[in-house]
Amino acid sequence: MINIAVLGYGTVGSGVVNVIETNHSKVNQKSTDEINVKYILDLREFPGDPYESKVVHDFNTILEDGDIKIICETMGGTKPAYDFTKSALLKGISVCTSNKELVAQHGPELIKIAKENNCNYMFEASVGGGIPIIRPLNSSLTSEDVDAITGILNGTTNYILTKMENEGAAFEDVLKKAQELGYAEKNPEADVEGYDAGRKIAILTSLMAGKNMKFENVYTEGITKITSKDFDYAKAMNRTIKLFGLSRKENDEYYAMVSPFMVSKDHPMAMVNDVFNAIFVHGNTLGDTMYYGRGAGSLPTASAVVSDVIECARNIGNNVPVFWDAEDVKIKGVDDITHKFFVRVSSDKKDAALRVFGNIETVDSVVDGEFAFVTELMSEKNFKKSADEVSIISRIRLVD
């Protein structure tokens, strides 16, 4: 029997217990031993819960129990999750987590501690919920030089954008609906400003490079400025709008960014709607592969945590290599990144836009009093310089 503990009995933590109990025979078969949830750590009491007898309030109860071999950290945040995780790894206890904030901030350190203590730090659930992506990057695609990742990495923002497109609704109205349905937090900043997706693309870039991409070096832009009028233009152009996390390798340099993009309806990502996520990975010899599924929620995320539990159970006393060193990647400055841009200006700025932006593709206006166009491929720096001269209404990057 392999005894485990679950830290945090919220949405994901309760899901972990649920998955283990619901799929008990399969989990045990694939772990090659019986998995037993011995402790659940939470500050709260759960009277009437079928697992209330397993609830403890002191982490040391878990840490000092020599029978605990694996911990599922589903608390979120960095404090006290970091201290608990580090203490467990130093004692040779493997940790499986869904905590993207902790992984993005302390991943290399915790991976190193796990290696030094012959245990494992696994984080499949930190990106993409139930979508397998960490393990493919760390094992299935190791023969590839992965040079590009494009992802819809946040279910909340994808739901909001889908509703704005399909219903012509305003951002604020759809956000309120998302909060009512439990898709968005009371404070939705991490989702709608792109921070959640930024942490996830930082993790994916680090695994892609084998070196550390700091979250602070990911250019991050959310969806709060997207309007129903932008979707009217997108429809006229046979496009849609998605919030992408992008990572690219150019020579030995990497850049990562999160931003809304106008996407051709022919692009596979254009069909990813509602709370679903998708991740597009390009390898130099394999070409494109795509990973799609539910990117959030109790059971999908918990399923990914339990897959890590099974992997850890198969490797008690043995470290599974994770290729993510503490050395920082070489950063390519955002100013030098090139895109095409969809731009809206007031009609009286048309001549100035033609003069400043040069070779442009005019878009039929769907808003009275506006002139809309698509620029040629240009750097972020040059676009900003031109946009400052014209005083634009808005701009959205393009992906074909």
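**Exercise 1. Determine which residues of helix α11 are exposed and which are buried in this predicted model.**

Solution. Begin with the outward side: Lys235 and Ala236 are exposed there. Turn next to the opposite side of α11, which spans residues 228-236; its buried residues are Asp230, Phe231, Tyr233 and Ala234. Viewed down the axis of α11, these buried residues fall within an arc of 160°, so they line one face of the helix. Finally, inspect what comes after α11: Asn238 follows, with a positive phi near 55°.

**Exercise 2. Establish where Ser394 lies and what Ser394 touches.**

Solution. First, locate Ser394 in strand β18, residues 394-399. Second, classify its accessibility: the relative accessible area of Ser394 is 16%, and the limit for a buried residue is under 20%, so Ser394 is buried. Third, list its contacts, leaving out residues up to four places away in sequence: Ser394 touches Asp230, Phe342, Val343 and Arg344. One of these, Asp230, is among the buried residues of α11.

**Exercise 3. Describe the two sides of helix α14 and the residue just after this helix.**

Solution. Step one is the buried set of α14 (residues 380-390), namely Glu380, Phe383, Ser386, Ala387 and Val390. These residues cover an arc of only 130° around the axis, which puts them on the same side of α14. Step two is the face turned away from that buried side, where the exposed residues Lys384, Lys385 and Asp388 are found. Step three is Ser391, in the loop between α14 and β18. Ser391 has a positive phi of about 65° although it is not a glycine. With a relative accessible area of 48%, Ser391 is partly exposed.

**Exercise 4. Find where Thr32 and Pro80 lie, and state the backbone feature of each.**

Solution. Thr32 sits in the loop between α2 (24-31) and β2 (35-41). The phi of Thr32 is positive, near 65°, in a residue other than glycine. The relative accessibility of Thr32 is 65%, and Thr32 therefore counts as exposed. Pro80 belongs to the loop between β4 (68-73) and α4 (81-90). The peptide bond that joins Lys79 and Pro80 is cis, with omega about 5°.

**Exercise 5. Explain why Cys96 and Cys312 form no disulfide.**

Solution. Start from the distance: the sulfur of Cys96 has its closest cysteine sulfur in Cys312, 3.7 Å away. Compare this with the cut-off, which requires the sulfur atoms to be within 2.5 Å. The separation is therefore too far for a bond. The count of disulfides accordingly comes to zero. As for accessibility, Cys96 is buried at 0% relative accessible area, and Cys312 also counts as buried at 0%.

**Exercise 6. Identify the residues with the most contacts in the largest nonpolar core, and examine Tyr121.**

Solution. The largest nonpolar core has 82 residues, of which Ile71, Tyr121, Phe123, Ile160 and Leu204 touch the most other members. Beyond residues up to four places away in sequence, the contacts of Tyr121 include Thr85, Leu89, Val95, Leu110 and Val322. A second, separate core of 29 residues includes Tyr9, Val16, Ala125 and Ala302.

**Exercise 7. Characterise the largest pocket by volume and lining.**

Solution. Its volume is about 1300 Å³. There are 47 lining residues, and Thr11, Val12, Lys100, Glu185 and Ala296 lie nearest the centre of this pocket. Among the elements that give two or more residues to the lining are α1 (11-22), α5 (100-116) and α12 (298-314).

How values were computed
Residues are numbered from 1 along each chain as its sequence is written. This is a predicted model: local features need pLDDT of at least 70, side-chain atom pairs count only at pLDDT 80 or more; totals for chains, interfaces and linings use all residues. Side-chain values use heavy atoms; hydrogens and water are left out. Helices (H or I, at least four residues) and strands (E, at least two) are DSSP runs, numbered from the N terminus. Buried means under 20% relative accessible area, exposed over 50%, partly exposed in between (1.4 Å probe, protein chains only). Contact means heavy atoms within 4.5 Å. The arc is that of the directions from the helix axis to the C-beta atoms. A nonpolar core is a set of buried Ala, Val, Leu, Ile, Met, Phe, Trp, Tyr and Cys residues joined through side-chain atoms within 4.5 Å. On a 1 Å grid over the protein atoms alone, a cavity is a set of points where a 1.4 Å probe fits but cannot get out, and a pocket is an open set with protein on both sides within 12 Å along at least five of seven lines; lining residues have an atom within 4 Å of a point. Grid points are joined across faces, edges and corners, and a volume is the space filled by probe spheres set on the points.
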